[in-house]
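Visitor: I am new to this structure and would like to go through it by asking questions. Please keep the answers plain.

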Amino acid sequence: MRTVKKVTLCAALFLTPLASHAHIHACPSVVKQAVEQTEQKDNETDAKINALLDKALAAFKKDNSAEAIKCLEEAGKLGSVEAFEFLGTVYWRGVGVEKDMKKCFEYNLRAADLGSVGAQGLVATLYKTGTGTTQDMKKCVEYYKLAEKSGNPEAAYQLGCLYYRGQGIKQDYDEATRHFRIASDQGHAGGQYELGMMYSMGRGTEVDKAKSKELLQKSAAQGYQMAIVSLRLQAQDEKRKK
């Protein structure tokens, strides 16, 4: 759904030609009226978006993809993040249309720029692989950072991997560890594994075998195969040393 933005006092100054600074101080009701009018328009727009999304879903159920896409595009023009995400998925999977990764990228980019965390992560990955667009590691890192900032643990994990490998960015174990830690703290199995290995090797942090084992166990408990294998190897190594 489109997120309705609250109108600040500064924004309200531009909503009416009568609103000079002096006039605002003299007539605070002008600000209140401007805010109420904007909120009313936002509510009306949200209602239109909801109707279009419902119409699109109904059209897909009737295998009328052309009508569904038309409704989604109209909802997108009104600022619906969900519509752009839906369109990206439609072209990614080829639902009722020919699969088109370029359109998938374009729609997800629009959703990402409107604040969709999932789309930000996907756009970063598409930039990394050059799928549906030209490969651009600078943009890849930019969108992963946006997604990470919004609380996406997969984006944090991917950033850790990029810094660890020096892929499209200067290799930096400290930064890799920092991003793995962000992912790990959110319960990401890959992040827990990678952070555990950083503690084991002393890369980007001090060597701490106990902490490493604890993190690997958390990752393995989620079924992460590399963590499971690493724990077995550690156990075998400990046996040999006895």
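Visitor: How many salt bridges does the count come to?

Guide: The model is a predicted one. A pair is counted when a side-chain nitrogen of Lys or Arg lies within 4 Å of a carboxyl oxygen of Asp or Glu. By this rule the count comes to 6.

Visitor: Which residue meets E67 in a salt bridge, and which parts does the pair tie together?

Guide: The bridge from E67 has an N to O distance of 3.7 Å. E67 belongs to helix α4 and its partner to helix α3, so the pair ties together parts that are 12 residues apart in sequence. The partner of E67, in helix α3, is K55.

Visitor: Is K55 buried, exposed or partly exposed?

Guide: Buried means under 20% relative accessible area and exposed means over 50%. K55 has a relative accessible area of 47%, so the class for K55 is the one in between. Its partner E67, with 24%, falls in that class too. K55 is therefore partly exposed.

Visitor: Which residues are linked with E214 in a network of salt bridges?

Guide: E214 forms a salt bridge with K211, where the closest N and O atoms are 3.9 Å apart. E214 also forms one with K218, where the closest N and O atoms are 3.6 Å apart. The residues linked with E214 in the network are therefore K211 and K218.

Visitor: Where do K218 and E214 lie, and how many residues apart are they?

Guide: K211 and E214 both lie in helix α12, residues 209-221, and are 3 residues apart, about one turn of the helix. K218 and E214 lie in helix α12 as well, and about one helical turn separates them because of their spacing in sequence. That spacing is 4 residues.

Visitor: How many helices and how many strands are there in the protein?

Guide: From the N terminus on, the elements run α-α-α-α-α-α-α-α-α-α-α-α-α. The protein has 13 helices and 0 strands.

Visitor: Which element gives the largest share of the largest nonpolar core?

Guide: In soluble globular proteins, nonpolar side chains tend to be buried together. Here the largest nonpolar core has 39 residues, of which L72, V123, Y127, Y143 and Y144 touch the most other members. Elements giving two or more residues to this core include α3 (28-61), α4 (65-77) and α9 (153-165). The largest share, 7 residues, comes from α6.

Visitor: Leaving aside neighbours within four places in sequence, which residues is L72 in contact with?

Guide: L72 is one of the residues that touch the most other members of the largest nonpolar core. With neighbours within four places in sequence left aside, the contacts of L72 are L53, A56, F60, A83, F86 and L87.

Visitor: What share of the residues in the protein is buried?

Guide: The accessible surface of the protein comes to about 14,000 Å², and 52% of that surface belongs to carbon and sulfur atoms. The protein has 242 residues, and the buried share is 40%.

Visitor: Does H188 count as buried or exposed?

Guide: H188 sits in the loop between α10 (173-185) and α11 (189-201). Neighbours within four places in sequence aside, H188 is in contact with P153, E154, Y157, A183 and Q222. The relative accessibility of H188 is 15%, and the cut-off for this class is under 20%, so H188 counts as buried.

Conventions
Residues are numbered from 1 along each chain as its sequence is written. This is a predicted model: local features need pLDDT of at least 70, side-chain atom pairs count only at pLDDT 80 or more; totals for chains, interfaces and linings use all residues. Side-chain values use heavy atoms; hydrogens and water are left out. A nonpolar core is a set of buried Ala, Val, Leu, Ile, Met, Phe, Trp, Tyr and Cys residues joined through side-chain atoms within 4.5 Å. Buried means under 20% relative accessible area, exposed over 50%, partly exposed in between (1.4 Å probe, protein chains only). Contact means heavy atoms within 4.5 Å. Accessible areas come from the Shrake-Rupley method with a 1.4 Å probe; for residues, only the protein chains shown count as cover.
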